[in-house]
Each structure stands twice: as C-alpha cells, then as structure tokens.
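Hi there,

Here is the structure I promised to pass on. Have a look at it first, and then read my notes underneath.

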Number of protein chains: 2
Amino acid sequence: MRYPGRLGQSLEEAEIDVGDEIEVSKDGETYRGVLMPHHDFSDPSIVTLKLASGYNIGLELGKDSKVRRVSEKQTKDAVERTMPVDPSKKKVAFLGTGGTIASYVDYRTGAVHPAKSAEELVFSVPELMDICDVKARVLYSIYSENMDVSHWQELARAAAEELNSGASGVIIPHGTDTMGFTSAALSFMLRALTGPVVCVGSQRSSDRPSSDATMNLLAAARLCVDADLGEVVVVMHGDISDDHCHAHRGTKVRKMHSSRRDAFRSVNIEPLARIEGRKIAFAGEHTKRSQGSVEVLDKMNKRVSMLQFYPGFEPEHFDMIAGNVRGIVIAGTGLGHVSDRLVESIDKAVRDGVFVAVTTQCLHGAVNLNVYSTGRDMISAGAVPLEDMLPETAFVKLMWTLGQTEDPEEAKKIMLSNIAGEIASRRSV
Amino acid sequence: MRYPGRLGQSLEEAEIDVGDEIEVSKDGETYRGVLMPHHDFSDPSIVTLKLASGYNIGLELGKDSKVRRVSEKQTKDAVERTMPVDPSKKKVAFLGTGGTIASYVDYRTGAVHPAKSAEELVFSVPELMDICDVKARVLYSIYSENMDVSHWQELARAAAEELNSGASGVIIPHGTDTMGFTSAALSFMLRALTGPVVCVGSQRSSDRPSSDATMNLLAAARLCVDADLGEVVVVMHGDISDDHCHAHRGTKVRKMHSSRRDAFRSVNIEPLARIEGRKIAFAGEHTKRSQGSVEVLDKMNKRVSMLQFYPGFEPEHFDMIAGNVRGIVIAGTGLGHVSDRLVESIDKAVRDGVFVAVTTQCLHGAVNLNVYSTGRDMISAGAVPLEDMLPETAFVKLMWTLGQTEDPEEAKKIMLSNIAGEIASRRSV
C-alpha cells in the first residue's frame, strides 16, 4: 500500500516508490534499504525500510529528515503484491490465519497489529518465491487465542483442498499461542496426506530486528518442496541461534517458552527433522507422502474440558464442569494422580456418561495408574490413562474422538490407538 | 519389625536376626546382604535384603530356598530403630509426611505401600547417622496428592519449631507429586529461616534397585549440616546418573517428568546449588541463615483456583468457578493471553472482588500483557500479570496473600513483591 497524506506526498515529490532502494538521513544517521509498503495501522509519518540484513526498521520522518532514492525497485511485482506464477516451481499453498508472523509493529506505539492478507506476509519474505510457486489465501486474521474448533475445521478443509488440487505442501502462518493445539487438531482431522502441512509462527514480528519469521517461513517452504513427508508439523527455530529450524510432529509439540524463538519443543520424542538451509535431516520414523486424495474427518464435539489437578482441588468444581461436558481431560500429578476426594467425582462423572481421560501435568513422561493405590482407584472409577500423550493433544483428540463416535467403548478404543503419533511407541528414559 | 509367621520361625531357628548379614540360596543363585526389617504390608513369605550396592531386594523364601547367617548385625541400633543420640553432630530434624521416599514395595503384588514412621525411612539409610544427629518425627503419612492447605500449615509450624529448638536444618521426606506446591507454600509461610528447610523425595522407593532415596536424603542432610542457607529448597537428582543432586529454590521448581529421577527442574533460574558428595557448590545468590527466631505466617485462604486457558474455553465455566472463590490464577497462552470472550468474564469477576492473576502455561519465560491488544484488554479488565512466576507458585502465593489481607490493593502489592525468590530478578534469555 502506498504511503498516505503528507508523507506520501513528500515521497512522490522525491520520485520515490515502494520497492525503491532509498537512503534516509535522520538525527545524524543514515539508513539505507528498500522502502516497504505502508500498512493500514502504521503511523502515517513513519516509513518502513527493509535493511540489507533482512530486518525491517521504522523511521519517523520529521522536518530535519532527508530521503533520497538510490536505485529503482528491483522486485516491483513482489512489493506491489501482484502474485507471480512460476510453473517451473512446485506449488505451495499459504493459508493465512493471523498471529505475530503476519503482524507488524506500529513504531509509534510499539503495539503489534495483524496483517490483513497472506500476501502481505508472503511479500515481506520475497525469498519464498525463489523456492516455490506461492499460492496465498487468507482464511481469517485473528490472534490465535481466539481460535476455536470451527477455525480448525475450516483450516483442515482448506488444506485438503489445496493438496488435492496439486499443492506440494501447505504452509499455515499461525499465531504461536495456540499453534500446538491447531497442529494437533489438523493431525487428527487430515488423513492420507499427500504432502506436509506446516504450521509456522514467529515469536518476533517480521518487521522487528531479530524476527524469526523469515527463517521459519523459508524452512517451512523447503520442507514442502523437498521432503517426502505426509504429516502435520510445526516448524520453528531449533535454538536461539539463527542457523536451523526444527520440524516437530503436530501431536507432540508444545510452546514451552513465552518469548524465546526456540519456544516450541517436541515432548517425549525427538524433533522429526532438522532444517538447515537446503538440508533436511530426519531424526527417526516419519510418515511419507500418500498417493491419492487427502481425506478430511473434521467432526468434533466441542463439549470437552481440560483441567489441571492441584492440592486442595475442590471436587464440586469438577462436578460443575462435568455436568456441562461430554469429556474431561485431567492433567494429574506425577503418574496421573488426583486426590482421593476427586476419585469419587470421577466415578460419578463416568457413570453419567462423561469420558474422563488422564494425562500428566509433568508433561514429560507417561502416566501409569497401576503403581499406587490412588491410580488403581482412578482406573476402577473409569478414568482412562493416556500414556505419554500431552494434555493439550489429549484435549483436542477427545473432542475429535467424541465427534467420530458416541459409543463409550469405541471412544476408549480410539483414544488408546496411536492415530497421529500422539502416543510415542518408544519413550525416552 | 520382626518377620511374622512361618518365615519368622525359620529365621529364628537359624538364629538369624534383623540386621544380620545373611546369605540366601534360591533357584541356583546366592544373594548376600543385610536382613532388613519386615514391614506391615510386606508379603509374609518375602525377606528384604539390603545388598552391598545399597539397593534392597525382596526374595520369596520357598521350600528349596536356603538361608544362613554370615555375621551378626553391626548396626543393631539402627535396624531396630532405637534412636541413637550423638551430640557431637549437628541436629537435623526429619518431618515425615509420606510418599514414595517413605514407601516400600510389596514384592508379590508390585504395589507400593507407605511406611508408617519417619524412623522406618531414616533407618533404611543408616548412613544419615554418620552425617548428623537425627531427630525423626512423623506428622502424617499420606500420598502427596492428598495434601492440602492444613498439611502445609502443620508442616510450617513443625519446621519452625525444630529450627527454633536448635536444629541445623529440617528435612521433609515428601511425595514427589505435589512437592513443588509444598515447597512454595513453606517458602511463603516461613520467614527469617535459621537453616535450610529441605523437601526431599524419591521417584523409586528405597527398596527398589535404582532407588534415588539414599542419595537424595544424604545430599539433603549434607545441605542441612554444611550450608549457610536460610531458604526452603527441593533436593533431588541433578541428572539420571547417580553422582550429584540439585537444590532448587522452593518457589521456582516444578516436577517436569512423571518418572525420571531428575524430574525436578528449576524454571526460569538455575538450580540454587549442586551437591556432590561432601561438596556443595552454590550457583548464584541465595539467602543465608538468619539469626534469632523463625517466624511463621501460616494463614491461607483456601478459596483459590487455578485454571489453564485453551482454545474454545467456555466463559461460563470460568464464571462458575469465579462465583465460588476469592482468587483465580490463569495459566494463559504465550505471554499470558486468553480469548476475547474470556476477558469479559475476567472483568465481571474482578468487579465481584475476585483476584485474577495471570501466568503462562508455557512455564518458561515471563508474561507480558502490554504487547498485544488482548493483553491490554486483560489489564483493563483488572487481571494482574505475575511476571515469570510459575502457575503453581502463583496459586499457592495467592492463597497465602489472601490469607494475609482482604484488601485488593494490598493483595496486588504483595503478589507483585518478590517475597521468596518467586519472581526472578534477572531472567534467562
């Protein structure tokens, strides 16, 4: 988008266009870079410059600032967002959902705003177009904490559609807050994947120094184009350096840090793959691309809750929730325990037809309700222990399972089957 | 306790006493070790042998088994549980609460039973008496998932009493499941500590091979005797080898694995100290022993809940809980977020006088509600973000804070003050 108002006028007078390489002199410093498009929410007196380092900065142009054109734009199409088509490259579909990776900073307030189109995102990383034939599509643009079952369903259907119409892979730029929930949901909903479905986020928005958006997106694209992979994964920084990403299995990944770029970690398994530049190294077994059509099983039962047990947990609170849902995932202590008092509530809930599943709040390791008498009492009450499944994955899987069947025995069978790698066959010590 | 029934008779006939070194021949194998006392819950046909390696095994004595005495008991007092007094050593108080560390295995069923006395525990590790003058006392013997505010209060008072009557430190053998909650509770309740208060557990009971009970207890005793430390800590294995323990600050520690011996991890700080044999290496700042009397501030308000936000979280569930409590700790996503729909419920709860605190379910890293509009809306609704405090620590602290004051502003001030190291002044990247 062109710059508005007085700033737009000044740029026009200096014959400067979005995409040109320019030089801005301000407060005795000189900044050189490519003029990036204006965003709706950006302050109208600030220009965004993409530096040679790949990072964007925002500069307020005041009275004493000078700006001059160094050279005309090289990547006119990219910056102006006309989607180029390159049939010599493999097609990768981008499904925009919102989140930091599709956000930018208002340099005056420091606040982060969502970008409104997948194109905005894709064009901030023009290198993507060197890797693949980009097909971008915006499903919605929301903070991921506002995502819901219906958004997962829409995503699953769109991803299958893209794969079934020839995309080599699907990239889902996504807010990191609930990305692990989404990747788990897609893992259960999508079957016989003909290519990777990659959820990718960033912990720092793309116009901030130290943004991880570019590297994560490029690694995701590389995976879609080069890997023989038919799984839902999350691709994020592998550590705090900028040299490699990890691809995590969608059902075994969790956001384990509120701000680090390597916030996402595989739990109870190793990351599926390490992606460094063009090199993709798989660590262990993974599902290869299927032939034929991707299948979508997107029915979900929303009436599922998740709760963490803690000392003194009031059974009445459990009863209140249980009265309103069809399934509850408990994150118990240690091997999956709750207090004796809560066992009675579990018993009652199960008798009322509520599916009560048990995971561990430790996150790492498996539950085992056969070691202590508490656990055995929980089993007798009808609680179903879910081995080393993450509480969040169990929560999503229970919604999905109760969407597939209403029969308690059938539901139990599904919950205990390893459908999308959610139960690690071999556990780390 | 002596062995009962037929087995007891056979041992008596062979002039074998608890504490003797014996040799058992069974199925072509010969086992040599010290005969350990019988426990109430043990199978009456099984003898427990402490091997030279320090591990205990259970052997069923059948018709073809032979047993003979090798030498008479050396540590008669220890095994028979007459408490020796050694005024030349520093006094350390052991406050028994139950848990795996004070449990033993029924070798027939494989089930774990709680020991009934702290003496039982202490005497299974007689090396403790080489380090300190042991004063053991049983407060209760329960699985830690059944612990409650009243147990924490009893513990706090007993720990203060022991320190105020001359103990160099207090060791609390504890079930690992909720040990992090207890250590946090004691951290807030106990002030001006004249010595360390050490919660110590084990992930494998003391009569199993690979038990971590002995090393953890010895490290705890070493800390009580040798360290200039006036804090509540958790002492557990530092990694899966058997060579060192870590002492974790009571407010920054969490059980992060359901079964590994190094399950306890410091979150957002380094472990306070590394204990290897007699060597104690502190990693950073820690509070030294106080002079004078230990103070107990044990008032708690039990009406506090903790809940994890997840996509699709029903505001009505929040409203139901909020209607029943004085405080709620939310483990939000990422920097502490919840959905827009839930912000309205927070607003209502705060107006109704409920203290709503915000932490992150990522566990690592701090919350920050100033970056995204969701967070700013949460602040406007009256939610109080708690920096890098663990959700579990925040839950305990909120109970404690609302026990100290009913004034919302005063409560907020306390919650945001760093009282027992629960807010790391400098965060790891």
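Below is what I found, going from the chain arrangement to the core and then to a pair of helices.

Please keep in mind that this is a predicted model.

Let's start with the two chains. A turn of 180 degrees, with a shift of 0.0 Å along the axis, lays chain B on chain A with an RMSD of 0.1 Å. The two copies are therefore related as by a two-fold rotation axis. Both copies use the same surface, as 100% of the contact residues of chain B recur in chain A. If you want a landmark for the axis, try Leu307(B): of the residues of chain B, its C-alpha comes closest, at 3.2 Å.

Next, the interior. The largest nonpolar core holds 222 residues, and the members that touch the most others are Val198(A), Val235(A), Val198(B) and Val235(B). I looked at Val198(A) in more detail. Beyond its neighbours within four places in sequence, Val198(A) contacts Val235(A) and Val233(A), the run Gly169(A), Val170(A), Ile171(A) and Ile172(A), and also Ala220(A), Leu223(A) and Cys224(A).

Finally, the helix pair in chain A. Helix H8 (residues 315-322) packs against helix H9 (residues 340-351) at an angle of about 15 degrees, and their axes are 9 Å apart. Because angles under 35 degrees count as roughly parallel, H8(A) is roughly parallel to H9(A). The crossing of H8(A) past H9(A) is right-handed. On the H8(A) side the residues involved are Pro315(A), Phe318(A), Asp319(A) and Ala322(A), which meet Arg341(A), Leu342(A), Glu344(A), Ser345(A) and Ala349(A) of H9(A).

Happy viewing, and best wishes!

Methods
Residues numbered from 1 in each chain as written. Chains lettered and ligands numbered in written order. Predicted model: local features only at pLDDT ≥ 70, side-chain atom pairs only at ≥ 80, totals over all residues. Core = buried A, V, L, I, M, F, W, Y, C linked by C-beta atoms within 7 Å. Buried ≥ 20, exposed ≤ 12 C-beta atoms within 10 Å, placed from the backbone. Contact = placed C-beta atoms within 7 Å. Least-squares fit on C-alpha atoms with pLDDT ≥ 70 in both. Axes fitted to C-alpha atoms, helices over the stretch in contact; angles between N-to-C directions. Helix = DSSP H or I, 4+ residues; strand = E, 2+ residues; numbered from the N terminus. Parallel < 35°, antiparallel > 145°, perpendicular 65-115°, else oblique. Left-handed = near helix turned anticlockwise from the far one by under 90°.
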